Amino acid sequence: MNPILSLTISFFLFAFITNLSPNNAAKQVLDIHGTPLIPGSQYYIFPASENPNSGGLTLNKVGDLECPVTVLQNNAMIGLPVKFTVPENNTGNILTGTDLEIEFTKKPDCAESSKWLMFLDHNTQLSCVGIGGATNYHGIETISGKFLIVKHGSGHVYRLGFCLDVTGDCGYIGLQMFNSEEGGSRLFLTAVDAYSVVFVDANGNSALSI
């Protein structure tokens with residue numbers, strides 16, 4: 001399938017979350033202990049569970065990519081911490097439903113950037129989460145947009161989303177294992193089965209004492 005055509009079709013599959021219900025009014029995002037997230041601080045993103053101390057995010061080289069820039073979730077790993085930045089926000093607060101930049105605190109030398117982005121994977125025909133820049137995606141379309149966090153259910157559980165710069169339409173981030181040899185499940189844009197997460201402070205010895 002033509003990549004551009006596939007991307008166009010994928011627009012119609014988005015779970016629209018731009019028109020949030022009153023229950024999802026912008027509120028401070030909290031870590032698993034109920035402490036507000038701080039821009040620039042380091043956090044692990046784990047699947048929401050009764051004992052979230054593994055299942056973190058990692059990077060690997062998959063498909064036609066020459067650098068390990070594809071973001072994967074691996075149940076056997078603590079993974080890499082991330083930090084959040086709120087563009088043009090001077091309040092110091094990370095709020096639900098607002099634009100975010102997400103980046104890992106470490107990256108491979110071959111990656112142009114540690115910031116998250118979306119790219120159209122030719123093998124799966126899905127929009128997947130990666131890092132880097134244009135030089136890491138020769139012949140592969142990257143998708144301009146912003147990530148966001150949306151409250152989900154009870155407790156300090158959230159979902160990740162992504163909004164297109166071109167149209168403002170938004171979708172959720174889901175998980176799917178495509179090949180066990182990739183080293184984890186891919187994060188991709190989806191209309192169903194969104195990935196529910198918690199945030200764990202990566203600083204201090206008690207970070208994983210949940």
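Buried means under 20% relative accessible area, exposed over 50%, and partly exposed in between. The legends below describe close-up views of a predicted model.

**Figure 1. The disulfide of C163 and C170 joins two buried cysteines.** C170 has a relative accessibility of 2% and therefore counts as buried. Its partner C163 is buried as well, with a relative accessible area of 12%. The sulfur atoms of C163 and C170 are 1.9 Å apart. The torsion about their S-S bond is about 105 degrees, so this disulfide is right-handed.

**Figure 2. A disulfide between C67 and C110 links distant parts of the chain.** The two sulfur atoms of C67 and C110 lie 2.0 Å apart. C67 sits in the loop between β2 (57–60) and β3 (70–73), whereas C110 belongs to the loop between β5 (101–104) and β6 (116–121); the two cysteines are 43 residues apart. The link of C67 and C110 is right-handed, with 80 degrees about the S-S bond. The surroundings of the two ends can be described by accessibility: C67 is buried at 5% relative accessibility, while C110 is partly exposed, its relative accessible area being 42%.

**Figure 3. The cysteine pairing of the chain comprises 2 disulfides.** When the bonded cysteines are numbered in sequence order, the pairing reads 1-2, 3-4. One of these disulfides is formed by C67 and C110, and another by C163 and C170. A disulfide is a covalent bond between the sulfur atoms of two cysteines. The view also includes C128, which counts as buried because its relative accessibility is 0%, under the 20% limit.

**Figure 4. K115 and E101 form a salt bridge between a loop and a strand.** The closest N and O atoms of K115 and E101 are 3.1 Å apart. K115 lies in the loop between β5 and β6 and E101 in strand β5, so the contact ties together parts that are 14 residues apart in sequence. Both partners are partly exposed: K115 has a relative accessible area of 34%, and E101 has one of 25%. Side chains of opposite charge can pair when their charged atoms come close. A search of the whole structure finds 3 salt bridges, this pair of K115 and E101 among them.

**Figure 5. D121 and R186 form a salt bridge between strands β6 and β12.** The closest N and O atoms of D121 and R186 are 3.2 Å apart. This pair links distant parts of the chain, with D121 in strand β6 and R186 in strand β12 (residues 185–190), 65 residues apart. D121 has a relative accessibility of 7% and so counts as buried. For R186 the relative accessibility is 2%, and this residue is therefore buried too.

**Figure 6. D121, E182 and R186 are linked in a network of salt bridges.** R186 takes part in two of the contacts shown, one with D121 and one with E182. In the pair of E182 and R186, the closest N and O atoms are 2.7 Å apart; in the pair of D121 and R186, the corresponding value is 3.2 Å. E182 and R186 are both buried, and D121 also counts as buried, at 7% relative accessibility. The network thus consists of buried residues, each having under 20% relative accessible area.

Key
Residues are numbered from 1 along each chain as its sequence is written. This is a predicted model: local features need pLDDT of at least 70, side-chain atom pairs count only at pLDDT 80 or more; totals for chains, interfaces and linings use all residues. Side-chain values use heavy atoms; hydrogens and water are left out. A disulfide is a pair of cysteine sulfur atoms within 2.5 Å. Helices (H or I, at least four residues) and strands (E, at least two) are DSSP runs, numbered from the N terminus. Buried means under 20% relative accessible area, exposed over 50%, partly exposed in between (1.4 Å probe, protein chains only). A salt bridge is a side-chain nitrogen of Lys or Arg within 4 Å of a carboxyl oxygen of Asp or Glu.
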